[in-house]
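This report introduces selected features of one protein model to a reader who has not met it before. Please keep the sequence and the structure in view while reading.

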Amino acid sequence: MASISRPHILHLHSSSPSFKLNPSSSLFRSRKLPNSLPFNRRRSFCSVNSTSHHKSESVSIVNNFLDYLNESWTHFHATAEAKRQLLAAGFHLLNENEEWNLKPGGRYFFTRNMSCLVAFAVGEKYDVGNGFYAIAAHTDSPCLKLKPKTASLKSSSYMMVNVQTYGGGLWHTWFDRDLSVAGRVILRRSDNSFVHKLVKVNRPILRIPTLAIHLDRTVNQDGFKPNLETHLLPLLSMKLEDTSSESKEKTAALSSKASHHPLLMQILSEELKCDVDDIVSIELNVCDTQPSCLGGANNEFIFSGRLDNLASSYCALRALVDSCESPGDLASEQAIRMVALFDNEEVGSDSAQGAGAPTMFQAMRRIVAGLANNYVGEGTFERTIRQSFLVSADMAHGVHPNFSDKHDEHHRPELQKGLVIKHNANQRYATSGITSFLFKEVGKIHNLPIQEFVVRNDMGCGSTIGPILASGVGIRTVDCGIAQLSMHSIREICGKEDIDIAYKHFKVFYQNFSSIDKLLTVDS
């Protein structure tokens, strides 16, 4: 079990409520920023105004989402924070290696690799053969990961760090950023056993410098095209010669970690409060240290890394928790509500903790068998799947104001306009006419807006975990997501209101899908 600490991040805000300003007003022209601002160590805002303090603030999850983003520098931290929140909400932690004792009305979850998580709540009126109402998302994002041997010998003057690219990132956005490392390590205990720990260095220790334009005169004409093997190495430190006895002793003590710069291992050991030699394995990501925050003139945007796909993950997790937080919330539920957060979506999902593994469906089989007291009749699981419904939640491409021609002119999702249902005739998305209709009907219960996306015929189409899961066992699936800009950049953008809309849509899906589903008959 990893130790989880709260982030040490400045939270700048105004003491007065935020409000929209007319740019032509005298108030706008004469307004001055305060010389100093109060701070809190949990959340950060890019502009002076904080979120609005009117009545809707009490039901908004945006502030909590910012906290989640700032805690979740890596997929490991995202899973650990989700675990912490589930335990705090009263969910019971299961172990895949042990027998499960389940009962109607119970709330449970388990993790795999501390980068994949499945949580579920059993309706009190559940009967064997009833379905699962599930939302699936992913915890990973494109990033740079440290190679097994991180100490680069490329430069005689600088300490450089060897990294490998993970996923399809916009790698030029990683240059000239204040970077650090976070991830997990394996520590040796005093009794020679081993323990898994999460680590996060909360200060900028790395940077990838851009080559000056004086040395690359045609870069603005030819484009910035860095070689990902030779030009993307982060700078850790200068190599300083120190002949003092203290320095020599420290160097000798760290010599056993030749695969890594001794300075990097020293920084990790200080964060973990352990000896350098206690660190026997590291698995670290390079991370941007700039906090996630609100931005835009009216604080209508969220500026952050990893919105793809922590936004979907958090909205789904929070919707599940809040849909069954009160004692009577599951009293009339006949199905099982589930959220599944997978790893490795950005590289194809083919891993033990990815959506390509049978994690979710193995869990479903175990749940059905456990609630049936291990007696499962003919076709019970198959009937369960046919009555189930999956929402594959992954971020969507909002129309770019400077590149609107990249979208089909009739399918241009906008920020702040609600969830986007994704369609593709070639099954790059799992949405069908039936699943799209049902998901729209769910939103109509609370008059929630919905948008639709189809990629242009002359452009390639991305994909999600939706088709992987849908084709695995034939579960009905809709692909949807929150519209965003700058997808796969180190710093992405989405609309603040869309976070609350997604959360509400997912919550009403859990609470009301059964009543909608029974109104439509397709195969009879």
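## Helices on the open sheet

In this predicted model, helix H2, formed by residues 62-71, lies across strands E13 and E14 and runs at about 5° to E14. Helix H12 (residues 496-517) also packs on the sheet, where it touches E13, E14, strand E21 (483-485) and strand E22 (492-495). The direction of H12 makes about 65° with that of E22.

The sheet itself is open and consists of 5 strands in the order E13-E14-E22-E21-E17, with mixed pairing. Its edges are strand E13 (293-295) and strand E17 (396-397), each of which pairs on one side only. Between E13 and strand E14 (residues 301-304) the pairing is antiparallel and extends over 3 bridges. Within this pairing, Leu294 has Ile302 of E14 as its bridge partner.

## The largest pocket

The largest pocket holds about 670 Å³ of space. Its lining comprises 26 residues, and those nearest the centre are Tyr133, Gln387, Arg476, Asp517 and Lys518.

Which helices each supply at least two residues of this lining? They are helix H10 (433-444) and H12; the latter is the helix that packs on the open sheet. By residue type, the lining divides into 12 polar, 8 charged and 6 nonpolar residues.

## Strands E7, E8 and E11

Strand E7 (residues 143-152) and strand E8 (residues 158-166) run antiparallel and are joined by 6 bridges. The connection from E7 to E8 is a hairpin of 5 residues. Leu144 stands opposite Thr165, a residue of E8.

E8 also pairs with strand E11 (residues 235-238), again in the antiparallel sense, over 3 bridges. Here the bridge partner of Met160 is Leu235 in E11. As a general point, side chains in a regular strand alternate between the two faces of the sheet.

## Aromatic pairs

The model contains 15 aromatic pairs when ring centres within 6.5 Å are counted. One of them joins Trp100 and Phe110: the ring centres are 5.5 Å apart and the planes stand at 35°, so the pair is classed as tilted. The reason is that this class takes the angles left between stacked pairs, with planes under 30 degrees apart, and edge-to-face pairs, with planes over 60.

Trp100 belongs to the loop between strand E3 (92-93) and strand E4 (107-112), whereas Phe110 lies in strand E4. The pair therefore ties together parts that are 10 residues apart in sequence.

Notes:
Residues numbered from 1 in each chain as written. Predicted model: local features only at pLDDT ≥ 70, side-chain atom pairs only at ≥ 80, totals over all residues. Heavy atoms only, no water. Pairing = 2+ DSSP bridges. Helix = DSSP H or I, 4+ residues; strand = E, 2+ residues; numbered from the N terminus. Contact = heavy atoms within 4.5 Å. Axes fitted to C-alpha atoms, helices over the stretch in contact; angles between N-to-C directions. 1 Å grid on protein atoms, 1.4 Å probe; cavity = no way out; pocket = protein on both sides within 12 Å on 5 of 7 lines; lining within 4 Å. Points joined across faces, edges and corners; volume = space filled by probe spheres on them. Nonpolar A, V, L, I, M, F, W, Y, C, P; charged D, E, K, R; others polar. Phe/Tyr/Trp six-rings, centres within 6.5 Å; stacked < 30°, edge-to-face > 60°.
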